[in-house]
Amino acid sequence: MASTKGLEGIVAAETKISSIIDDTLTYVGYNIDDLADNASFEEVVYLLWHTRLPKAEELAELKQQLADNMEVPASIVDLFKSMPLNTVHPMAALRTAVSMLGTFDDEADVMESEANYRKAIRLQAKIATVVTTFARVRNGQEPVAPKPELGYAANFLYMLKGEEPAAIEIEAFDKALILHADHELNASTFTARVCVATLSDVYSGVTSAIGALKGPLHGGANEQVMKMLSEIGSVENVETYIQTKLDNKEKIMGFGHRVYRKGDPRAPHLRAMSEKLTKLTGKPELYDMSVKIHDMIVTQKGLPANVDFFSASVYDSLGIEHDLFTPVFAVSRTSGWVAHILEQYSNNRLIRPRAEYVGPGMQKYVAISER
Ligand SMILES: CC(=O)SCCNC(=O)CCNC(=O)[C@H](O)C(C)(C)COP(=O)(O)OP(=O)(O)OC[C@H]1O[C@@H](n2cnc3c(N)ncnc32)[C@H](O)[C@@H]1OP(=O)(O)O
Ligand SMILES: O=C([O-])CC(=O)C(=O)O
């Protein structure tokens, strides 16, 4: 029984939700380029949850349901206030708050598919409020209540900053949400599916997934990319900084991927957004540094940028604090996690692989006094 390290190449589930075939990413058969250029995030959420695009009235209904469910219990604010706010990472706060949301949902353990769909809506609606509430509470600001008339992307930025975002910001953020919404059997989605395959509840699945997304080899990489850009500081410093890391065999965050070989199709969209937004916000150097890093890594390592690389400068341009980048990813990916959770329930079998034992052979117990 030989093991495959990191389960590389192992097909562990069937899904109708998204696919990566020959470096092309599709959601339910729609190319990501097509969706990024034409759809709204809410349309994509509907697509992932229903495996078809919504008609106008179905989209309007989903938007209404999301808007109606955005408020979070006051205890979430108290929970955040009870945390060591100077040190807690927002992903740890989010993981804890989503788990707590489950305790307020009296349908949390009701397993009928209609109840699970209602929970999907509640979670998707509330997670935006949870992240923005955390951001404001830790900065000593009052949380901002959602405006029902705004779309999901606009509401997030509004609740975060307390002022309505400009059209260009809404468009960029909406596109970023679409690009991050789902990605086949990535580590956090797999985590969610493993969790709910025990017939545990939706909140447990999403809480587990948040824990997996937090790591810097997965969603946590976008914050690390920004840290790197801040440390580098200017285009002139890129070469020495990156070369030193490469010579020390350190990984450069935002590059490489388990599945893509030629390149991550989401990266060109984020690169174009980064170029446009960094110019508009008067920080073109962020984009110029990113391009120089990109060229060095592609030339020397043959590794293309993944979704996390150019998203860093995009989120910075949208005025999002750097340690909120991964929570923002979670806000979008909740749609994909939930889609996979619902799909797992619909055709469930416990996920329980085997491990190859590589420890010592049979041993005889030795009394503690004789060790
Ligand atoms: C949303 C997302 O999750 S996208 C991914 C976000 N994560 C990152 O950006 C972190 C940086 N990237 C990485 O760590 C990896 O490329 C991963 C985790 C994304 C994929 O990992 P794996 O498929 O397991 O590749 P693995 O880590 O085994 O790397 C294979 C080789 O490429 C090298 N490599 C992979 N990524 C990088 C990188 N970013 N920088 C430098 N070298 C790298 C490794 O050092 C290794 O080299 P070796 O064979 O000489 O030891
Ligand atoms: O698929 C992966 O391994 C990681 C990734 O790009 C994502 O989750 O978006």
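Here's a quick tour of this structure, from overall build to domains, core, ligands and a couple of helices. Keep in mind that this is a predicted model. The protein chain folds into 16 helices and three strands, and it is divided into domain 1 (29-215 + 325-346) and domain 2 (221-317). Two ligands come up below, each with its own set of surrounding residues.

**Overall build**

- The protein chain has a radius of gyration of 21 Å, and since a compact globule with 371 residues would come in near 21 Å, the two agree.
- Along its principal axes, the C-alpha trace spans about 70 × 55 × 45 Å.
- Buried residues account for 45% of the 371 residues in the chain.
- Of the contacts with a separation of 6 or more, 76% join residues 24 or more positions apart.

**How the two domains meet**

- Domain 1 and domain 2 have their centres 26 Å apart, going by C-alpha atoms.
- Their contact draws on 12 residues from domain 1 and 14 residues from domain 2.
- On the domain 1 side, α1 (32-38), α8 (167-180) and α16 (325-346) each put in at least two residues.
- The largest share on that side comes from α8, with five residues.
- Sorted by class, the side of domain 1 that touches domain 2 has eight nonpolar, two polar and two charged residues.

**The nonpolar core**

- What are the best-connected residues of the largest nonpolar core? The ones with the most contacts inside it are V44, L94 and V131, and the core has 103 residues.
- Both domain 1 and domain 2 give residues to this core, so it lies between them.
- As background, nonpolar side chains in soluble globular proteins tend to be buried together.
- If you want to look around V44, skip its neighbours within four places in sequence and you'll find it in contact with Y27, L35, A39, I178, A181 and S335.

**Around the ligands**

- Ligand 1 is surrounded by 18 residues, and the closest are A221, K251, F255, G256 and R258.
- The shell around ligand 1 splits into seven nonpolar, seven polar and four charged residues.
- Which residues sit around ligand 2? They are H183, N186, R258, V259, N306 and V307.
- The ligand 2 shell has two nonpolar, three polar and one charged residues.
- R258 turns up in both places: it is one of the closest residues to ligand 1, and it is also around ligand 2.

**Helix α9**

- Is α9 (residues 187-196) enclosed or open? Eight of its 10 residues are buried, so the helix is largely enclosed by the rest of the structure.
- The buried ones are S188, T189, T191, A192, R193, V194, C195 and V196.
- Those buried residues pack against α10 (202-213) and α16.
- That gives α16 a part in two of these stories, as it also supplies at least two residues of the side of domain 1 that touches domain 2.

**F310 up close**

- F310 is found in helix α15 (residues 307-317).
- Why does F310 count as buried? It has 31 C-beta neighbours inside 10 Å, and the cut-off for a buried residue is 20 or more.
- Setting aside neighbours within four places in sequence, F310 is in contact with A267, L270, R271, S274, S290 and A305.
- F310 and H89 are 221 residues apart along the chain, and their C-alpha atoms are separated by 22 Å.

Definitions and conventions. Residues are numbered from 1 along each chain as its sequence is written. Chains are lettered from A and ligands numbered from 1 in the order in which they are written. This is a predicted model: local features need pLDDT of at least 70, side-chain atom pairs count only at pLDDT 80 or more; totals for chains, interfaces and linings use all residues. A nonpolar core is a set of buried Ala, Val, Leu, Ile, Met, Phe, Trp, Tyr and Cys residues joined through C-beta atoms within 7 Å. A residue is buried if 20 or more other C-beta atoms lie within 10 Å of its own, exposed if 12 or fewer, and partly exposed in between; C-beta atoms are placed from the backbone. Domain bounds come from an automatic or database domain assignment. Two residues are in contact if their C-beta atoms, placed from the backbone, lie within 7 Å. Helices (H or I, at least four residues) and strands (E, at least two) are DSSP runs, numbered from the N terminus. The radius of gyration is taken over C-alpha atoms; the globule rule is 2.2 Å times the number of residues to the power 0.38. A residue is near a molecule or strand if its C-beta atom, placed from the backbone, lies within 6 Å of it. Ala, Val, Leu, Ile, Met, Phe, Trp, Tyr, Cys and Pro count as nonpolar, Asp, Glu, Lys and Arg as charged, and the others, Gly among them, as polar.
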